[in-house]
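Open the structure in your viewer and keep the sequence panel beside it. The tour goes from one selection to the next and says what is there.

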Amino acid sequence: LTRKDAELDQELLFASHIQMGIFPEPRLTVNQYTFQTTILPLGRISGDYCDVVTRGDITFALVADASGHGVPAAMLTMAAKNVFSNVLTEKISPAAALAQANHEILKMIKTQDFMTGFLMKLYPSGLVEFSNAAHPSAFFQTRQGDMKLLDTPGFILGGLDDVDALYENGSVQMRPGDRLFIYTDGVTESCNAQNHFYGVDRLEKMLRITRGLDLARVTTRIFSDMVSFAEGVPFRDDIAMMVIEYHQP
C-alpha cells in the first residue's frame, strides 16, 4: 500500500506539472493590459482554471471553476483549455463564446461534472466586454478607487444543451490605471472556526486596501488575509485570482 500511495503521489505530481503548463505565466503583459494570476490547488492538481488568450489586438481573459476536486476536475480544466483555444476568435462575443464552449464541453463529458466561468474580451481602447457562466461576479476598480461589480445572466458550462439565449454580454470602459479582479468561489467561501464565509464584502475591503499596490502584492495580501481570517481552518476548495490593469495605449 505504501508503494502504491507513493506511485499515485508521483503520478499526481507529474499531472500537476502538465496542468501548470496550460496556465498563463503568473505575470504577463499583453497589448495594453498587465495580468497577475494566482492559482492555489487544494491538492496536487486544480479544478480552477485561468487563461489569457490573444487574437490579434484582442485579448481574452478567462477564469473558470470545475465542479468537484482532484483528477476529474483537473481533467475538465484540460478539456476547457482546448475548447476555448478553438472557440475564441477576434470577432466572437463573450456570450457567443460561452454558448459555443458549452456545446463543446457537453460533447466531451459524460458525467454530472460542469464548470462555471467568467470571460472577458479586452480591446486596445480599454473597452471590456464580458459574460458570466454562473460564476462569481467580477470587480471593476477605477484608479481613483470607485468599485463596481460586473455580472450578467448565464448558465453553467456542461450542464444543458439548449441554453444559448441565457448567456448575455455586458461592457465597461477602462481608463489607464483601472483594474479588474476575477476569482473563484474558493476565495469568498473559505471558512473560519465559526463557520463564517470570508465573503464578498471582506474581499472588496481588501481590494480597496490594496489599491495602488503592485499587482503581485494584491493577490498575496488577499491570500494572507484569507489565512488570517481562517484561524487555522484548512481551505476546502481550490483558489484562483486574476488581477488585470489597463495601461495607456
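What follows is a walk through a predicted model, from the whole chain to its sheets and helices.

**The whole chain**

Select the protein chain and show it as a cartoon. It holds six helices and 11 strands. Of its 249 residues, 51% count as buried. Among contacts between residues at least 6 apart in sequence, 71% join residues at least 24 apart.

**The six-stranded sheet**

Select β1, β2, β11, β10, β7 and β8, which lie in that order in an open sheet of six strands with antiparallel pairing. The edges are taken by β1 (27–30) and β8, and each has a single partner strand, so one side of each has no neighbour in the sheet. On average, neighbouring strands here are turned by 20° against each other, direction ignored.

Zoom in on β1 and β2. These two strands form a hairpin with two residues between them. In the turn, asparagine 31 has a positive phi of about 50°. Strand β2 covers residues 33–40, and four bridges join it to β1, the two running antiparallel. Which residue in β2 is the bridge partner of arginine 27? It is glutamine 36. Threonine 29 has threonine 34 of β2 as its bridge partner.

Stay with β2 and color it by burial: seven of its eight residues are buried. Next to it, β11 pairs with β2 in the antiparallel sense over eight bridges. One place to look is leucine 40, whose bridge partner in β11 is isoleucine 239.

**Two helices on this sheet**

Select α6 (215–230). Helix α6 lies across β1, β2, β10 and β11 (239–246), and runs at about 150° to β11.

Now select α5 (residues 199–209). This helix packs on the sheet and touches β7, β8 and β10, with its direction at about 30° to that of β7. Where do the buried residues of α5 sit around its axis? The buried ones are Gly199, Leu203, Met206 and Leu207. They lie on the same side of α5, because they cover an arc of only 125° around the axis. An α-helix has 3.6 residues a turn, so residues three or four places apart point the same way. The face of α5 turned away from the buried side carries the exposed residues Asp201 and Lys205. To see what covers the buried residues, add the elements around them, including β7 (138–141), β8 (147–150), β10 (179–183), α4 (185–188) and α6.

**The loop into the second sheet**

Select isoleucine 45, in the loop between β2 and β3. Is isoleucine 45 buried or exposed? Isoleucine 45 counts as buried because its relative accessibility is 7%, and the cut-off for buried is under 20%. Draw a distance from its C-alpha atom to that of methionine 75: the separation is 9.4 Å, although the two residues are 30 apart along the chain.

**The five-stranded sheet**

Select β3, β4, β5, β6 and β9, which follow that order in an open sheet of five strands with antiparallel pairing. The edge strands are β3 (48–55) and β9, each pairing on one side only. The twist from one strand to the next averages 15°.

Begin at the β3 edge. Strand β4 (residues 58–66) runs antiparallel to β3, and eight bridges join the two. Here valine 53 stands opposite phenylalanine 60 in β4.

Move to the other edge. Four bridges join β6 (residues 127–133) to β9, and these strands too run antiparallel. Valine 128 stands opposite valine 172 in β9. Color β9 (residues 170–173) by burial: Gly170 and Val172 form its covered face, while Ser171 and Gln173 form the uncovered one.

**The helix across β5 and β6**

Select α3 (residues 94–108), which lies across β5 (115–122) and β6 at about 35° to β6. Helix α3 has 15 residues and reaches 21 Å from its first C-alpha to its last, close to the 21 Å expected at 1.5 Å a residue. Its buried residues include Pro94, Ala97, Leu98, Ala101 and Ile105.

**Last stop: the cysteines**

Select cysteine 50 and cysteine 191. Cysteine 50 is buried, with a relative accessible area of 0%. Cysteine 191 also counts as buried, at 4% relative accessibility. How many disulfides does the structure hold? The number is zero.

How values were computed. Residues numbered from 1 in each chain as written. Predicted model: local features only at pLDDT ≥ 70, side-chain atom pairs only at ≥ 80, totals over all residues. Heavy atoms only, no water. Buried < 20%, exposed > 50% of the residue type's maximum accessible area, 1.4 Å probe, protein only. Pairing = 2+ DSSP bridges. Disulfide = S-S within 2.5 Å. Arc of directions from axis to C-beta. Contact = heavy atoms within 4.5 Å. Axes fitted to C-alpha atoms, helices over the stretch in contact; angles between N-to-C directions. Expected span 1.5 Å × (residues − 1).
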